[in-house]
Amino acid sequence: MHVLPDSFDNLSSPCLPKKPWGDFPFTAFVAMLAALFTLAVDSLMLTFYNRNNKVDILTPSTAAVASHESPEQGGHWHCHGHEHAHGHAHGMMSDKPEDAEAGRMQLRRNRVVVQVLEMGIVVHSVVIGLGMGASQSVCTIRPLVAAICFHQLFEGMGLGGCILQAEYGVKMKAGLVFFFSTTMPFGVALGLALTKVYRDNSPTALIVVGLLNAASAGLLHYMALVELLAADFLGPKLQGSVRLQLVCLAAVLLGAGAMSLMAKWA
């Protein structure tokens with residue numbers, strides 16, 4: 001609500017030459033390319049994770065052999081592979097290997113989501129911080145401060161939930177939190193350092209900030225709709241309850257309305 005309009009304003013500014021900036025909607029084009037690029041990165045990263053984290057899947061035939069050869073009483077069998085797994089078989093398996101593999105796939109999926117989402121938030125935070133640090137207008141800075149506080153709060157909540165689902169170690173969690181926490185101050189510091197040479201209405205600044213805003217908008221739209229909302233709404237928990245779907249949809253609309261209201265001042 002505030003990133004895309006800013007990009008449209010930047011790339012359609014009269015300070016830019018009409019050709020090519022006035023003859024083509026570069027904001028929509030770059031946002032579309034960013035969404036498609038995010039899809040490609042998302043898919044390739046997941047493929048990379050799956051190829052480098054292959055595990056042995058216990059088939060029904062091997063499970064029968066393990067159950068037969070197990071010295072445990074009551075037909076207990078234990079399987080040790082790349083990951084430690086326990087099963088209990090009383091003539092048949094209680095934990096299906098395909099379920100365990102699906103769980104591992106979902107974990108790798110969550111980790112890809114975290115990394116791509118972090119990338120989009122980092123780019124967005126640097127751009128906003130740069131604009132606020134380089135601005136000389138109090139009327140511009142005041143609404144940006146309110147918008148940033150509101151924005152970073154809920155972005156942090158969303159990213160934090162994704163990080164917990166990814167089940168990273170302490171070092172990785174600390175690194176992700178560090179980058180999220182420092183990119184905005186870094187952008188502000190960079191803007192302050194460039195105050196004397198940075199001008200909001202200079203062609204170079206308009207093009208760079210406009211393209212970055214468009215790319216960030218496309219990336220974040222893809223992540224919000226495909227990775228976060230669609231994954232939840234099309235998941236088994238919400239699909240099993242119409243009432244829960246309506247409650248969640250109302251919550252989404254409430255959040256979208258709040259961000260739209262913030263866009264009035266941002």
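In which helix is Ala-256 found? Ala-256 is found in helix H10, and the legends below describe this helix and other parts of a predicted model.

**Figure 1. Overall arrangement of the predicted model.** The protein has 10 helices and 2 strands. Read from the N terminus, the order of elements is α-α-α-α-β-β-α-α-α-α-α-α. Of the 266 residues in the protein, 33% are buried. Among contacts with a separation of 6 or more, 73% are between residues 24 or more positions apart. The structure holds 1 salt bridge, and a search of the whole structure finds 0 disulfides.

**Figure 2. Helix H10 and its N-terminal cap.** Helix H10 covers residues 242-263, 22 residues in total. The distance from its first C-alpha to its last is 31 Å, close to the 32 Å expected at 1.5 Å a residue. Ser-241 caps the N-terminal end of H10. The cap is formed by a side-chain oxygen of Ser-241, which lies 3.1 Å from the backbone nitrogen of Leu-244. The UniProt record, an unreviewed entry, places a transmembrane region at residues 242-263. Cys-248 has a relative accessible area of 25% and is partly exposed.

**Figure 3. Ala-256 of helix H10 and the N-terminal residue Met-1.** Ala-256, found in helix H10, is partly exposed at 39% relative accessibility. Along the chain, Ala-256 and Met-1 are 255 residues apart. In space, their C-alpha atoms are separated by 8.9 Å.

**Figure 4. Phe-150 of helix H6 and its contacts.** Phe-150 lies in helix H6, which spans residues 138-166. Outside the residues up to four places away in sequence, Phe-150 touches Ala-258, Met-259 and Met-262. The C-alpha atoms of Phe-150 and Met-262 are separated by 8.4 Å, although the two residues are 112 residues apart along the chain. Phe-150 counts as partly exposed, with 25% relative accessibility.

**Figure 5. Glu-167 in the loop between helices H6 and H7.** Glu-167 is placed in the loop that follows helix H6 (138-166) and leads to H7. Its phi is near 55°, a positive value in a residue other than glycine. Most residues other than glycine have a negative phi. Glu-167 is exposed, with a relative accessible area of 53%.

**Figure 6. Val-188 of helix H7 and two annotated segments.** Val-188 is found in helix H7, residues 170-193. Its contacts, not counting residues up to four places away in sequence, are Gly-129, Leu-130, Met-132 and Gly-133. Val-188 and Val-126 are 62 residues apart in sequence, and their C-alpha atoms are 7.6 Å apart in space. In the unreviewed UniProt entry, residues 112-132 and 176-194 are among the segments given as transmembrane region. Over residues 112-132 the chain is 100% helix and 0% strand, with the end C-alpha atoms 31 Å apart. Over residues 176-194 the chain is 95% helix and 0% strand, and here the end C-alpha atoms are 27 Å apart.

**Figure 7. Glu-227, a buried residue of helix H8.** Glu-227 lies in helix H8, residues 203-233. Glu-227 counts as buried because its relative accessibility is 7%, below the 20% cut-off. Not counting residues up to four places away in sequence, Glu-227 touches Asp-42, Arg-109, Val-113 and Tyr-222.

**Figure 8. The salt bridge between Asp-23 and Lys-18.** The structure holds 1 salt bridge, in which the side chains of Asp-23 and Lys-18 meet at 4.0 Å, N to O. Lys-18 is exposed, with a relative accessible area of 58%, whereas Asp-23 is partly exposed, with 45%.

**Figure 9. The cis peptide bond before Pro-20.** Lys-19 and Pro-20 are joined by a cis peptide bond, with omega about 5°. Most peptide bonds are trans. Pro-20 is found in helix H2, residues 18-21.

**Figure 10. Cys-15 and Cys-248.** Cys-15 is partly exposed, with a relative accessible area of 38%. Cys-248 is also partly exposed, with 25%. The search of the whole structure finds 0 disulfides.

Key. Residues are numbered from 1 along each chain as its sequence is written. This is a predicted model: local features need pLDDT of at least 70, side-chain atom pairs count only at pLDDT 80 or more; totals for chains, interfaces and linings use all residues. Side-chain values use heavy atoms; hydrogens and water are left out. Helices (H or I, at least four residues) and strands (E, at least two) are DSSP runs, numbered from the N terminus. The expected span of a helix is 1.5 Å times one less than its number of residues. A polar contact is a pair of N or O atoms within 3.5 Å; within protein, one must be able to donate a hydrogen and the other to accept it, and residues adjacent in sequence count only if both atoms are side-chain atoms. UniProt positions are given in the numbering used here, feature names are shortened, and annotations may be inferred rather than shown by experiment. A disulfide is a pair of cysteine sulfur atoms within 2.5 Å. Buried means under 20% relative accessible area, exposed over 50%, partly exposed in between (1.4 Å probe, protein chains only). Contact means heavy atoms within 4.5 Å.
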